[in-house]
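Grab a pencil and work through the exercises below. Each one sets a task and then walks you through the solution.

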Amino acid sequence: MATRESVLAELKQITDPASGQDIVAAGIVRALNVEDGAVRFVLEVDPTHAKAMEPVRAEAEARVKALEGVGNVSAMMTAHSQKAPPDLKTSKPAEPKGPQKVPGVDRIIAIASGKGGVGKSTVAANLACALAAEGRRVGLLDADVYGPSQPRMLGVSGRPASPDGKTILPLRNHGVTMMSLGLMTNDDQAVVWRGPMLMGALQQMMMQVQWGALDVLIVDLPPGTGDVQLTLSQKFAVDGAIIVSTPQDVALLDARKGIDMFNQLKTPILGMIENMSTHICSNCGHEEHVFGHGGVVAEAEKLGVPLLSEIPLHLDIRLAADGGAPIVVSKPDSPQADAFRHVARNLIAKGLA
Ligand SMILES: Nc1ncnc2c1ncn2[C@@H]1O[C@H](COP(=O)(O)OP(=O)(O)OP(=O)(O)O)[C@@H](O)[C@H]1O
């Protein structure tokens with residue numbers, strides 16, 4: 001199916017004779033609309049150039065028509081119409097400023113937590129694998145610079161290759177395309193990241209990794225509310241954040257700060273996940289509430305965000321994560337895996353993943 005990105009990429013192949021730039025960069029492509037294979041756009045040109053621009057319009061129309069999954073194409077020149085619609089009269093560039101999209105990536109979901117060690121990476125790994133098991137094209141970016149754990153959780157190692165010295169080839173396991181800052185550093189080397197370095201590294205991971213076509217890119221954030229969170233939300237079009245917390249008061253207090261930050265950044269909160277909700281004894285199945293119970297449900301209700309799942313504290317979840325095959329992959333039919341799969345299905349049903 002043709003997307004806005006694929007149409008823009010094709011239009012970028014055409015040169016604007018007036019400026020010498022491609023027609024997208026020159027800002028003359030306006031009001032692009034791609035819906036169910038039908039593509040509409042306008043070339044806004046100076047009326048005195050209308051004649052000279054006709055071949056450009058015809059080429060644009062023909063090129064887009066030749067794209068796979070495109071049916072009807074309507075390419076109009078504003079110089080042809082008596083009066084251009086008001087929003088086409090500005091001289092702003094075609095691409096909106098502000099958060100950018102990662103080429104080929106349809107959606108970005110951030111997995112965040114206020115506090116460290118609450119199981120954010122475990123949730124991100126299982127959610128990515130669960131979405132892949134549902135047939136989604138999934139990427140997982142481990143942006144947890146302070147404790148990158150995805151290589152271990154997804155069972156991948158080795159340095160990612162960069163054949164051209166510019167782009168980075170991600171690794172892949174359990175149906176998930178994965179990249180981690182942990183793969184770019186030595187295993188036991190402590191890395192001290194400074195703000196600008198962090199932002200540069202994140203930008204590089206998002207834009208220079210060859211993610212390919214993805215339905216969703218899951219970003220496993222570091223705990224807290226720091227530079228990585230800010231850069232991600234300000235520079236990239238993040239579709240939503242999922243906040244992971246344990247039911248403890250301290251974790252919840254920090255989770256609230258995280259939610260406040262995303263609210264300020266206008267990143268939608270997709271919901272909260274209560275991890276280590278109840279402990280289920282792997283011998284007798286007895287349940288107990290190690291970190292208290294119901295804290296996240298109450299908090300989610302208070303903040304008006306959905307509670308997406310309650311994940312039990314279970315030895316199998318830790319063993320699976322430490323063994324390089326998350327529980328969703330190693331024991332897909334277990335109730336523990338189901339707690340994650342339920343979130344994945346829910347996100348897909350809502351068109352969020
Ligand atoms: N529901 C669970 N049941 C059992 N063990 C769990 C569960 N969730 C997480 N763990 C274990 O707890 C530890 C911490 O989890 P994880 O690394 O996912 O936390 P985090 O919030 O990402 O931590 P960090 O602060 O390092 O980013 C890991 O050993 C993981 O296997």
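Start with G119, found in the loop between β4 and α3; helices (H or I, at least four residues) and strands (E, at least two) are DSSP runs, numbered from the N terminus. Before you dig in: this is a predicted model, where local features need pLDDT of at least 70, side-chain atom pairs count only at pLDDT 80 or more, and totals for chains, interfaces and linings use all residues. Residues are numbered from 1 along each chain as its sequence is written.

**Exercise 1. Work out whether G119 and G117 are buried or exposed.**

Step 1: get the cut-offs. Buried means 20 or more other C-beta atoms within 10 Å of the residue's own, exposed means 12 or fewer, and partly exposed is in between, with C-beta atoms placed from the backbone.

Step 2: apply them. G119 has 21 C-beta neighbours inside 10 Å, so G119 is buried. G117 lies in the loop between β4 (108-112) and α3 (120-133), but G117 is exposed because its count is 12.

Step 3: look for G119's partners. Leaving out residues up to four places away in sequence, G119 touches V244, N275 and M276; contact here means C-beta atoms, placed from the backbone, within 7 Å.

Step 4: check the record. The unreviewed UniProt entry has a "binding site" annotation that includes G117 and G119; such positions follow the numbering used here, feature names are shortened, and annotations may be inferred rather than shown by experiment.

**Exercise 2. Describe the shell around the ligand.**

Step 1: find the nearest residues. Of the 21 around the ligand, G116, G119, S121, T122 and R318 come nearest (near means a C-beta atom, placed from the backbone, within 6 Å).

Step 2: trace the suppliers. α3, β10, β12 (307-313) and α9 (315-322) each give at least two shell residues, and α9 has the largest share, with four.

Step 3: sort by class. You get seven nonpolar, 10 polar and four charged residues. Ala, Val, Leu, Ile, Met, Phe, Trp, Tyr, Cys and Pro count as nonpolar, Asp, Glu, Lys and Arg as charged, and the others, Gly among them, as polar.

**Exercise 3. Compare the settings of H174 and K266, each with a positive phi although not a glycine.**

Step 1: recall the background. Most residues other than glycine have a negative phi.

Step 2: take H174. Its phi is about 50°, and H174 sits in the loop between β6 (171-173) and β7 (176-180). H174 is buried because 23 other C-beta atoms lie within 10 Å.

Step 3: take K266. Its phi is about 65°, in the loop between α7 (249-264) and β10 (269-280). With 10 other C-beta atoms within 10 Å, K266 is exposed.

Notes
Two residues are in contact if their C-beta atoms, placed from the backbone, lie within 7 Å.
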